[in-house]
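Biologist: Could you take me through one part of this protein in detail? I would love a close look at the sheet and what packs around it.

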Amino acid sequence: MDVRLLNHEGIKERPVEELPTLLGRQDGLVWVDIPRCDTDAVDVLAEVFGFHPMAIKDCVERNRVPKMHAYRDHVFVVLHAPERGKRGHVHYIELDQFIGRNYLVTVHGPVNPAVQPGIALRETQAVLARIEAGRLRPASAFELSHAIVAALIRNQEDYVEAVTGDVWRLEQRVTGGQVGDPEEFLDELFRTRHGLLTVRTMGALSSAIYGEMAGLARMSPEGRRLMAEIGDRFERIRRVADGEREYLQGVIEFYQTTLTIKAALIGQTQNEEIKKISAWAAIFFAPTLVGTVYGMNFTHMPELHWILGYPFALTLMMLASAVLYMLFKRRGWL
């Protein structure tokens, strides 16, 4: 757990034991950054800050959707940033915030073990670097929160940009006829669409949350402006992800139509071949049938008589085959 004091002198690391004193000061901004909400962190959130037990529980457990709760003297916010995993899986990197009058508490995680631990800290580390370099001087908790969430939005934008590159490559493979195994390619298409749908949902829900925060009566005009700006940026993420998702859906439909046409052509070719095989089988079956009948053990063998003997049988065989041949030829089966 990192406790930092931001004032006109810059930013300084302070021990956790000084938190009650720091929170009672009228000058400066207290920033508490918690990489993992363990038992010690829970004690600080409950005993030093006095946060609601349900909010603390949300910090300990993973949350599936962004959320916001406004309390008497602070606002609790849950946000997510996407991280690409194997085979198109999207990891939800959670960032929780308690935004008070003169303090900001950021809580990271929990994080899937498959994600590198440093990924969860990328937004706060980026903002900390800006503050230490003198490029950022937040005067309020909302300004500091705005900077951190802006870094989170940039990560969402980078994710959309990366997935957009995948969409373009998939479209080129479709139009170039180099898709490889159809089943694997369809799986890749739908996994890419899933990634866009995920970040689209993150942007839409987060935009709704910040739109609600901008309307809080207790918030200062500057705080309302910052929250409204963040809401607009999340809304842009949603619109961009929607546009790329619709474009990818067009690629999917184009490819599925191509597969359908190919399957129909293959089926038509197979039907023609089956017709030819069936026709020739019928043509050769007619002589076989005649021969089988004449080869049966009658009381009086017809082959022994000249009129109904071999010449008649051979003529009947040829005539039956010729009639069937002409019939199938006329129908286009041969």
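Modeller: Happy to: here is the sheet, followed by its helices and the nonpolar cores. Do keep in mind that this is a predicted model.

The sheet is open and built from 7 strands, which run in the order E2-E1-E3-E7-E6-E5-E4 with mixed pairing. At its edges stand strand E2 (10-14) and strand E4 (67-70); each has a single partner strand, so one side of each is left without a neighbour in the sheet. On average, neighbouring strands are turned by 20 degrees against each other, direction ignored.

Let's zoom in on one pairing. Strand E1 (residues 2-7) joins E3 in the antiparallel sense, over 5 bridges, and Leu5 sits opposite Val30 in E3.

Two helices deserve a look next. Helix H3 (residues 53-60) packs on the sheet and touches E4, E5, E6 and strand E7 (103-108); the direction of H3 makes about 150 degrees with that of E6. Helix H6 also packs on the sheet, touching E4, E5 and E6, and its direction makes about 165 degrees with that of E5.

Now for the nonpolar cores. The largest has 54 residues, of which Trp31, Val77, Tyr210 and Met213 touch the most other members. Elements that each supply at least two residues of this core include strand E3 (29-34), strand E5 (74-84) and helix H6 (182-214), while H5 gives the most, with 14 residues. Leaving aside residues up to four places away in sequence, Trp31 touches Leu6, Leu104, Val127, Leu128 and Ile148, among others. Apart from this core lies another, of 24 residues, including Val30, Phe51, Tyr103 and Val107.

Key:
Residues are numbered from 1 along each chain as its sequence is written. This is a predicted model: local features need pLDDT of at least 70, side-chain atom pairs count only at pLDDT 80 or more; totals for chains, interfaces and linings use all residues. Side-chain values use heavy atoms; hydrogens and water are left out. A nonpolar core is a set of buried Ala, Val, Leu, Ile, Met, Phe, Trp, Tyr and Cys residues joined through side-chain atoms within 4.5 Å. Buried means under 20% relative accessible area, exposed over 50%, partly exposed in between (1.4 Å probe, protein chains only). Helices (H or I, at least four residues) and strands (E, at least two) are DSSP runs, numbered from the N terminus. Contact means heavy atoms within 4.5 Å. Two strands pair if DSSP finds at least two bridges between them. Axes are lines fitted to C-alpha atoms, for helices over the stretch in contact, and angles run from 0 to 180 degrees between N-to-C directions.
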